[in-house]
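Biologist: I am new to this structure and would like to learn how to read its features one at a time. Could we look at it together?

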Amino acid sequence: TCVPVRDFAAGGYVLFVTRQGKIKKTELEAYSHPRAGGIQAIGLDEGDEVIAARRTDGRREVMIATKLGMAIRFSEEEVRPMGRGATGVRGVELEEVDGVIAAEVVQEGVAILTVTERGYGKRTPLEEYRLQGRAGKGIIDIKTGGRNGHVVGMLQVRDEDDLLVVTTKGKIIRMHALDVSSQGRNTWGVRIIDLEPDDRVGSIARVEAEQA
């Protein structure tokens, strides 16, 4: 993952979320003097890996989504700043077979778009994800299993944005975010891309309106 930075002295933090549900934030300035061989950004437990890194001002909310269709939204202020080598604290409590697939710093005026590996997805109003405390199990975002499979992506989208969907077999489509049905939480979603039996959605990306 990449975090574009123009001015390290401007303040703020880099927020990390890992597959095993850990979250950590570190002052941006701690990364202002990287060496040619790189510097440690975060400590990781055995078998864990970084899923997302986001820049933040320290006063926002965080949304974490899991492959089994759970989501949690909590205040970033519940995560105290730590050094570069720290592993962080628990962001979401996961079932043994679950894992984090996406994390976002919440913006205003967005909907939450969720896409599953079998090509189904939906947009859900942000207001349906109530604010909770850090380290909880979260709430059901989308139904998984059956026709849907696991969740592979979660994004914040605005009505004017476009969406790119890329499959593991190299197929790509671009569509308007508004063309994805708006549904509540704990629903199945609708088909957004036709897939061959051996294909799966690999990743999704937002194309912001001003970049279109």
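Biologist: How many aromatic pairs does the structure hold?

Modeller: This is a predicted model, and the structure holds 1 aromatic pair.

Biologist: Which charged end sits over the ring of Tyr13?

Modeller: It is that of Lys25, whose charged end lies over the ring of Tyr13 at 4.8 Å from the ring's centre.

Biologist: How should I read a sheet, and what is the order of the strands in the open sheet that holds β1?

Modeller: Strands of a sheet pair through backbone hydrogen bonds, and the pairing can be parallel or antiparallel. Here 4 strands follow the order β3-β1-β2-β6 in an open sheet, and their pairing is antiparallel. Because β3 (50–56) and β6 (89–90) stand at the edges with a single partner strand each, one side of each is left without a neighbour in the sheet. Within this sheet, β1 (residues 13–18) runs antiparallel to β3 and is joined to that strand by 6 bridges, and Phe16 has Ala53 in β3 as its bridge partner.

Biologist: Which strands are at the edges of the open sheet with the order β7-β4-β5-β10?

Modeller: That sheet also consists of 4 strands with antiparallel pairing, and its edge strands are β7 (100–105) and β10 (139–140), each of which pairs on one side only. Strand β5 (residues 70–75) pairs with β10 over 2 bridges in the antiparallel sense, and there Met70 stands opposite Ile140 in β10.

Biologist: How does one find a pocket, and how much space lies in the largest pocket?

Modeller: Rolling a probe the size of a water molecule over the atoms shows where empty space is left. In this model the largest pocket holds about 370 Å³ of space; it is lined by 14 residues, of which Val3, Pro4, Arg54, Arg55 and Gln107 are the closest to its centre. The largest share of that lining, 4 residues, comes from β3, and by class the lining has 5 nonpolar, 3 polar and 6 charged residues.

Biologist: What lines the second largest pocket?

Modeller: Its lining is made up of 16 residues, and those closest to its centre are Arg54, Glu104, Met154, Leu155 and Ile204, while the space in the second largest pocket is about 300 Å³. At least two lining residues come from each of β3, β7, β11 (151–157) and β15 (201–207), with β15 giving the largest share, 5 residues. By class, the lining of the second largest pocket divides into 10 nonpolar, 3 polar and 3 charged residues.

Methods: Residues numbered from 1 in each chain as written. Predicted model: local features only at pLDDT ≥ 70, side-chain atom pairs only at ≥ 80, totals over all residues. Heavy atoms only, no water. Pairing = 2+ DSSP bridges. Phe/Tyr/Trp six-rings, centres within 6.5 Å; stacked < 30°, edge-to-face > 60°. Lys NZ or Arg CZ within 6 Å of the ring centre and 35° of its normal. 1 Å grid on protein atoms, 1.4 Å probe; cavity = no way out; pocket = protein on both sides within 12 Å on 5 of 7 lines; lining within 4 Å. Points joined across faces, edges and corners; volume = space filled by probe spheres on them. Nonpolar A, V, L, I, M, F, W, Y, C, P; charged D, E, K, R; others polar.
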